[in-house]
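Please open the structure in a viewer and keep the sequence at hand. The tour below proceeds by selection, one stop at a time.

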Amino acid sequence: MTIHTTKPNSLRAPASATASAIAKASVAATMALALTACQSIDQIPTERVASARLTLANGVPAGTAQLLANGNTLTLAIAATGITPGEHGFHLHTVGECKRPDFTSAGGHLNPTNEGHGLDDDDGSHLGDLPNLSVPSSGTVTTTVDLRGSRAEIEGYIFDTDGTAVIIHADPDDGTSEPSGNAGPRIACGVLTKS
Ligand SMILES: [Cu+2]
């Protein structure tokens with residue numbers, strides 16, 4: 001996989017990325033998915049706001065997550081690899097720090113408005129509550145999710161003084177249990193860094 005240098009800056013792999021073929025392929029897969037998951041040309045996110053390099057608990061690279069913008073909508077696009085097949089909790093966490101091996105340094109869910117946890121619960125949900133990742137037998141998953149709220153508001157929360165992390169858990173988020181959906185240990189983590 002070659003990342004062509006003639007592409008606009010927003011479509012290139014992060015300059016700081018390692019030469020890992022996995023990471024480069026993941027970036028390309030993320031962009032391809034972002035371009036195909038949309039309904040029409042004016043819905044395609046055209047600006048990369050931030051990106052995160054995901055790492056497993058053992059330090060192995062596990063793909064990328066990118067924060068993309070289209071107008072007032074922010075979309076998180078993830079291309080993760082090396083993940084156990086099945087359903088996995090997937091969240092934004094409130095501190096942009098991924099200390100291995102347990103990633104507890106990332107704190108709890110990003111929840112700037114003090115809501116309850118859970119996309120399926122009736123007491124609201126955290127901004128960082130995202131749908132479970134459904135990982136196929138290949139161990140590689142690509143998907144996009146639109147974040148809830150205006151771009152300016154969400155960027156303010158994500159790029160606060162302590163930053164924000166993207167986390168994948170070992171188990172599925174049950175959508176209701178406080179405070180984190182009973183999703184088990186954190187198996188992959190990446191810090192969102194402005195592009
Ligand atoms: Cu989490």
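Begin by selecting Ala-65 together with Ile-78: in this predicted model, Ala-65 stands opposite Ile-78, a residue of strand β3.

Next, extend the selection to the two strands concerned. Strand β2 covers residues 61-70 and pairs with β3 in the antiparallel sense, over eight bridges. What lies between β2 and β3? The two strands form a hairpin, with two residues between them. Select Gly-71 in this turn, where phi is positive, at about 60°.

Now display β3 alone, residues 73-80. Is this strand mostly covered or mostly uncovered? Seven of the eight residues of β3 are buried, and the strand is thus mostly covered.

Keep β3 displayed and add strand β6, residues 141-146. β3 and β6 run antiparallel and are joined by six bridges. To inspect one position of this pairing, select Thr-75 and Asp-146: the latter is the bridge partner of Thr-75 in β6.

The last stop is Phe-90, which is found in strand β4, residues 86-93. Why is Phe-90 classed as buried? Phe-90 has 28 other C-beta atoms within 10 Å, and a residue counts as buried because 20 or more such atoms lie within that distance. Select its contacts beyond four places in sequence: Phe-90 touches Leu-130, Pro-131, Asn-132, Leu-133 and Ile-168. Finally, draw a distance from the C-alpha atom of Phe-90 to that of Ala-188; the separation is 9.7 Å, although the two residues are 98 residues apart along the chain.

Notes:
Residues are numbered from 1 along each chain as its sequence is written. This is a predicted model: local features need pLDDT of at least 70, side-chain atom pairs count only at pLDDT 80 or more; totals for chains, interfaces and linings use all residues. A residue is buried if 20 or more other C-beta atoms lie within 10 Å of its own, exposed if 12 or fewer, and partly exposed in between; C-beta atoms are placed from the backbone. Helices (H or I, at least four residues) and strands (E, at least two) are DSSP runs, numbered from the N terminus. Two strands pair if DSSP finds at least two bridges between them. Two residues are in contact if their C-beta atoms, placed from the backbone, lie within 7 Å.
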